[in-house]
Amino acid sequence: MNDLKRRLRDIEGFAPPDLWEEITSTRTRPAPAEPGPARKPLVVAIALLIGLAGVVLVVRAFGGADETPQPAATVENGPIAFMSEVSSDLYVEGAQTEIFAMNPDGTERVRLTHDPEAFDEDPAWSPDGTQIAFVKVGDLTAPGIYAMNADGSGSRQIVEDPTGPRSPSWSPDGTRIVFESGLGEEETGSGDRDIYAVEIATGELTRLTTDPARDEYPADGCSQGRSANQQEPTDDGPADRQHQEYPERRDLGCPPCPGPAPPLRP
Amino acid sequence: MDTASTSTVNAIESIYREEGRRLWWAIVAYAGDREVASDAVAEAFAQALARGDALVDPLAWIWRVAFRLAAGELKRRGQTDHRLPEVASPDEQRATELVALLRLLPGKQRAAIVLHCYADRPVREVALALGVSPATARVQLHRGRRRLMRLLEDRDG
């Protein structure tokens, strides 16, 4: 047991009451507001419809309306990028999340980022498979949207963003990245999240949504947003406790998608 | 209670017997108030019973709802009406000192630390309980951990 956990267990100096009798006799108030399990399928269906409509609209906006997205099964598979925790917990100094990649069959796992002072997350392949955009958050490294070459070299900040951006997604022509951010929070005081786009060459930032609702998970018409490859992260990781979360397949019906990236070399 | 089958009641009671104490301690650490913790834990378990078999993961749901109920109560009280426990033993003295230190952390950092570092809840559940993204939850954990360790070092000299 580490030192912080041991110290936190001092709270067990208080004697807890036995509440079971009270629990079984309680007349419950309305449940806290969140989608209940019975309503979740409907909520998910509506979200999928909205997401699909958004993908179609953005594809058309990028001039890709004549391109028919290829079914995933007909597109040659490329590498999978994903984030993984490199330690079993966050109270060990140096623990962080990093970006990894592997071949579609799970072989050739390669670590692409090595930043002990930051959390590197949310990888997204560029349409031509040569670049990976990702989110960097933390206290000691400038946070924001970053991009690097497919082999992990050439990491560079595209735009600084201390608000915990997420879900970067490339435009089909590879010239800009859309992402979710709270950058407008200071302007509006609303605390909500909106969708932004940054021009990769210039770093010019454009706010695409301004409504007070939370706008999340932008899809650029290429990467299909949160794809079917995104698995629910679990605690049941392999022995090294490295969790695989939010994998990003770059090859799911990408209009136009020049071709698969070369196999990974560890 | 009418909607809960015997098997559901048994399953929820089993969770309570195995996890109820730790949940109560976690919420005391977060809220700094035993009454808030007792109310939140009792209400979360009662809500779970009322939902019957509809909960896919009752344990995760109970943890999340209990923390949300406690956070809502703290917000209603304006964060200023903490009731310090009466100290009657050395163990309670240490617990009280820990609560005092945790209060120096912002609420989300405190909740993240308690949920993950004390209760071993995974980051994804921490994010759901806080209503933030996993990335933001990790940052809250990172900052909270560093701040709490610094406070502990200062206290210990």
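In this predicted model, A:I132 has a bridge partner in β6(A), and that partner is A:M148. The bridge belongs to an antiparallel pairing of β5 (residues 131-137) and β6 (residues 144-149) of chain A. Six bridges hold the register between these two strands.

β6(A) also pairs with β7 (residues 156-160) of chain A. This pairing is antiparallel too, with four bridges. Here A:Y146 is matched with A:Q157 in β7(A). The hairpin of β6(A) and β7(A) has six residues between the strands. A:G152 in that hairpin takes a positive phi near 95°.

**The four-stranded sheet**

Chain A also contains an open sheet of four strands. Its order is β8-β9-β10-β11, with antiparallel pairing. The edges are β8 (166-170) and β11 (205-207) of chain A, each pairing on one side only. From one strand to the next, the twist averages 25°.

β8(A) meets β9 (residues 176-181) of chain A through three bridges, and the two run antiparallel. Within this pair, A:R166 stands opposite A:E180 in β9(A). In a regular strand, side chains alternate between the two faces of the sheet.

The strand pairs described so far can be set side by side.

| Strand pair | Sense | Bridges | Example partners |
|---|---|---|---|
| β5(A) and β6(A) | antiparallel | six bridges | A:I132 and A:M148 |
| β6(A) and β7(A) | antiparallel | four bridges | A:Y146 and A:Q157 |
| β8(A) and β9(A) | antiparallel | three bridges | A:R166 and A:E180 |

**Chain A as a whole**

Chain A has four helices and twelve strands. How much of the chain is buried? Of its 266 residues, 37% count as buried. Among chain A contacts with a separation of 6 or more, 48% come from residues 24 or more positions apart.

**Contact with chain B**

The contact between the chains takes 36 residues from chain A and 48 residues from chain B. On the chain B side, the elements giving two or more residues are α1 (6-31), α2 (34-50), α3 (58-77), α4 (90-102), α5 (107-118) and α7 (134-156). Which of them gives the most? α7(B) does, with eleven residues. By class, the side of chain B that touches chain A has 29 nonpolar residues, seven polar and twelve charged.

Notes
Residues are numbered from 1 along each chain as its sequence is written. Chains are lettered from A and ligands numbered from 1 in the order in which they are written. This is a predicted model: local features need pLDDT of at least 70, side-chain atom pairs count only at pLDDT 80 or more; totals for chains, interfaces and linings use all residues. Two residues are in contact if their C-beta atoms, placed from the backbone, lie within 7 Å. Ala, Val, Leu, Ile, Met, Phe, Trp, Tyr, Cys and Pro count as nonpolar, Asp, Glu, Lys and Arg as charged, and the others, Gly among them, as polar. Two strands pair if DSSP finds at least two bridges between them. Axes are lines fitted to C-alpha atoms, for helices over the stretch in contact, and angles run from 0 to 180 degrees between N-to-C directions. A residue is buried if 20 or more other C-beta atoms lie within 10 Å of its own, exposed if 12 or fewer, and partly exposed in between; C-beta atoms are placed from the backbone.
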